[in-house]
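Let's work through a few short exercises on aromatic rings. Have your viewer ready and try each task before reading its solution.

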Amino acid sequence: MTKWKRVETDVPKEKKRDMGCKKRRIWAFVPLVAVIMCAVGALIWALPRLPLKPQTQSGASYQGVVELWNVESFEGGVGSREAWLKGRSALFEKDNSGLFVHVTTLTEQQLQSKLNEGERCDIVCFSRGVGNIVKESILPFNGSVANVRDNFLVSGQINGVQYAVPLYSGAYCLFARAEMLSGELLPSALTQTYTRKVGKTTVELSPLVCGFTPYNSPLSALAMSGGRGNVSLDESTTQYQAYEQFVANRTAVTLLGTQRDMYRLSQKEANGKIESLTFAPLTGYTDLVQYIAVATDGDKADACVKYVEFLLSEQTQSTLANMCLFSVTEQNFYTAERYSAVETGLSTAYVPNVFGDSQAIARQRDMAKQTLAI
């Protein structure tokens, strides 16, 4: 019988040590793998239970096109107000997937034609005079207006119900060359005259030049800010014509202008293209206010309300300073002295109702003339 002999194979000691190290390294990774597997498992369990990120900032559920008509009846500040609306709309659309705000700027006549032809929009922006045209087409506003100044807010109401929401404001101001004044700009704007030589000609400057629009009453701002005097004014003069006459320095000592003139004249002053100016804000009154109103109902109306609230947010209102216009909210955004003075003064200004008709506006103009003794 054959006997099998067991042969022992000798393994070098170095190789045994290497095998032992490999085993120890493998076992060292086991806890790490276990931790990773636990973490993955925890994520798989937790992710479906995390709160979902809202699809939109405003929560508007409507998807589609919102039609906005923008009717401008008074001068702005600097830049395009239509472009400003389109820029804000783009930001709103970014936070509201599938919703688009289409902005169309119309004249009063174009607006009237569209309404006569049965066309309608979802949102309308307008100011005094046009308010009387659109008041039958808009609905009560049921969104938040908590941050809008009360003196502006009441001007958009009908029988105590909020229909129009103030969006931004302008202001009336007085400007005069400091060297021509013998006293304070206000209340002497209607009495100060000045004689100057232009070549071989002597020019007698009257106290005041003022520009008018069909629905605004700049003289109300002067009367409610303490102006008094007796002067002849041509109410066919436009706001830009009044500015040109003042710059030419052949017509009047003082300009009764707006925030647009404040920007234009400040630029000229800074560039040395006009003499040093004295400035007085007429913030006892303003009718240079743009409003916004909702003109549709249903799901689309909810999106329109959210859009209006977005325009009233601090984020949006602060950008009005880029256009030299003024916020209608409680926040102050200006640091420049003239603009800051206007901004502060507007917090207590009298703002007439935006839905006043042409007869009401005419009566108000006449009352201002009587107060000023014009």
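**Exercise 1.** In this predicted model, decide whether Phe126 and Tyr291 are buried or exposed, then classify their ring pair.

*Solution.* Start with the surroundings: both Phe126 and Tyr291 are buried. Next, take the geometry: the ring centres are 6.3 Å apart and the planes meet at 25°. Pairing requires centres within 6.5 Å, and planes under 30 degrees apart count as stacked. The pair of Phe126 and Tyr291 is therefore stacked. Finally, place the two residues: Phe126 belongs to strand β3 (residues 123–126) and Tyr291 to strand β12 (residues 289–294), so their contact ties together parts that are 165 residues apart in sequence.

**Exercise 2.** Classify the pair formed by Tyr240 and Tyr243, and find which helix holds them.

*Solution.* The centre-to-centre distance is 5.7 Å and the angle between the planes is 35°. That angle is neither under 30 degrees nor over 60, so the pair is tilted. Both residues sit in helix α8 (residues 239–248), three residues apart, or about one turn of the helix. Now check accessibility: Tyr240 has a relative accessible area of 41% and is partly exposed, while Tyr243, at 8%, is buried.

**Exercise 3.** Which charged end sits over the ring of Tyr243, and which residue does Arg81 lie over?

*Solution.* For Tyr243, the charged end is that of Arg264, 4.3 Å from the ring centre. Arg81 lies over the face of Phe74, at 5.4 Å from the ring centre.

**Exercise 4.** How many aromatic pairs does the structure hold?

*Solution.* The total is 11. One aromatic cluster to look up is formed by Phe92, Tyr307 and Phe310.

Notes: Residues numbered from 1 in each chain as written. Predicted model: local features only at pLDDT ≥ 70, side-chain atom pairs only at ≥ 80, totals over all residues. Heavy atoms only, no water. Phe/Tyr/Trp six-rings, centres within 6.5 Å; stacked < 30°, edge-to-face > 60°. Helix = DSSP H or I, 4+ residues; strand = E, 2+ residues; numbered from the N terminus. Buried < 20%, exposed > 50% of the residue type's maximum accessible area, 1.4 Å probe, protein only. Lys NZ or Arg CZ within 6 Å of the ring centre and 35° of its normal.
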